[in-house]
Amino acid sequence: MSSADKNLSVFTTEGLPDISARKFAIVVAEWNSEVTEKLFEGAFQTLITYGALAANIVRGNVPGSFELTLGAQWFAQRNDIDAVIALGVVIQGETKHNDYINHAVAQGITNVSLKTDKPVIFGVLTPNNMEQALERSGGVHGNKGDEAAMTAIKMLGLKAQINQG
């Protein structure tokens, strides 16, 4: 199902792990802050709603989405961070810059996650225009920040399940 047909803030919450002792880093791109601040608010509130302590959520800002990868890596390398959420938006413009940025960031986030053996969540919107970005950052399609936070929680639960077995 495409995100055009789905509210990003609707997800299954059955069997979620206890995250009260977990520490999360949220890396936020400053570019398009009208959108990224809403993504941050969604991610932060979802973590709090499902048991994270505000004191266990640390935020780092980077200039743009391209820098999310390195910012995420710096946080993921910390022993006290359990999961990292990378939030940004790259809006398609008149050039192909979005193709290069989106691919680089997606690959970079994947590499950081594999390198550090921690959940590093890709919470980057890739809309065609600002209207679509706003629809996915608290508008009619929910908030990708909510989804990214829930993904981090669920990945920590899966890791705990695997480590118990």
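These legends walk through several close-up views of a predicted model.

**Figure 1. The open sheet and its strand order.** Start with the sheet, an open one built from 4 strands. Reading across it, the order is β2-β1-β3-β4, and the pairing is parallel. Strands β2 (57-62) and β4 (120-125) stand at the edges with a single partner strand each, so one side of each has no neighbour in the sheet. From one strand to the next, the twist averages 15°.

**Figure 2. Strands β1 and β3 side by side.** Here we look at the pairing of β1 (residues 24-29) with β3 (residues 83-89). The two strands run parallel and are joined by 5 bridges. To find your place, look for V28, which stands opposite L87 in β3.

**Figure 3. Two helices lying across the sheet strands.** Which strands does helix α2 lie across? Helix α2 (residues 68-76) lies across β1, β2, β3 and β4, and runs at about 165° to β1. Helix α5 (residues 144-164) lies across β1, β3 and β4. The angle between α5 and β4 is about 165°.

**Figure 4. The largest pocket and its lining.** Rolling a probe the size of a water molecule over the atoms shows where empty space is left. In this model, the largest pocket has a volume of about 190 Å³. Its lining is made of S113, L114, D117, K118, P119, M155, L158, K159, I162 and N163. Two or more of the lining residues come from each of α3 (97-116) and α5. Helix α5 gives the largest share, 5 residues. Sorted by class, the lining has 5 nonpolar, 2 polar and 3 charged residues.

**Figure 5. A salt bridge between R59 and E37.** Side chains of opposite charge can pair when their charged atoms come close. The structure holds 7 salt bridges, and one of them is shown here, between the side chains of R59 and E37. The distance from N to O is 2.5 Å. This pair links distant parts of the chain, with R59 in strand β2 and E37 in helix α1 (residues 33-49). In sequence, R59 and E37 are 22 residues apart.

**Figure 6. Two loop residues with positive phi.** What is the phi of N32? The value is near 60°, which is positive, and N32 is a residue other than glycine. You will find N32 in the loop between β1 and α1. D117 is also a residue other than glycine with a positive phi, in this case near 55°. Its place is in the loop between α3 and β4, and D117 is also among the residues that line the largest pocket.

**Figure 7. The surroundings of E135.** The last view is centred on E135, which lies in helix α4 (residues 130-135). Which residues is E135 in contact with, leaving aside its neighbours within four places in sequence? They are V140, H141 and G142. For a sense of distance, take E135 and A104, which are 31 residues apart in sequence. In space, the two lie 24 Å apart, C-alpha to C-alpha.

Technical notes:
Residues numbered from 1 in each chain as written. Predicted model: local features only at pLDDT ≥ 70, side-chain atom pairs only at ≥ 80, totals over all residues. Heavy atoms only, no water. Pairing = 2+ DSSP bridges. Axes fitted to C-alpha atoms, helices over the stretch in contact; angles between N-to-C directions. Contact = heavy atoms within 4.5 Å. 1 Å grid on protein atoms, 1.4 Å probe; cavity = no way out; pocket = protein on both sides within 12 Å on 5 of 7 lines; lining within 4 Å. Points joined across faces, edges and corners; volume = space filled by probe spheres on them. Nonpolar A, V, L, I, M, F, W, Y, C, P; charged D, E, K, R; others polar. Salt bridge = Lys/Arg side-chain N within 4 Å of Asp/Glu carboxyl O.
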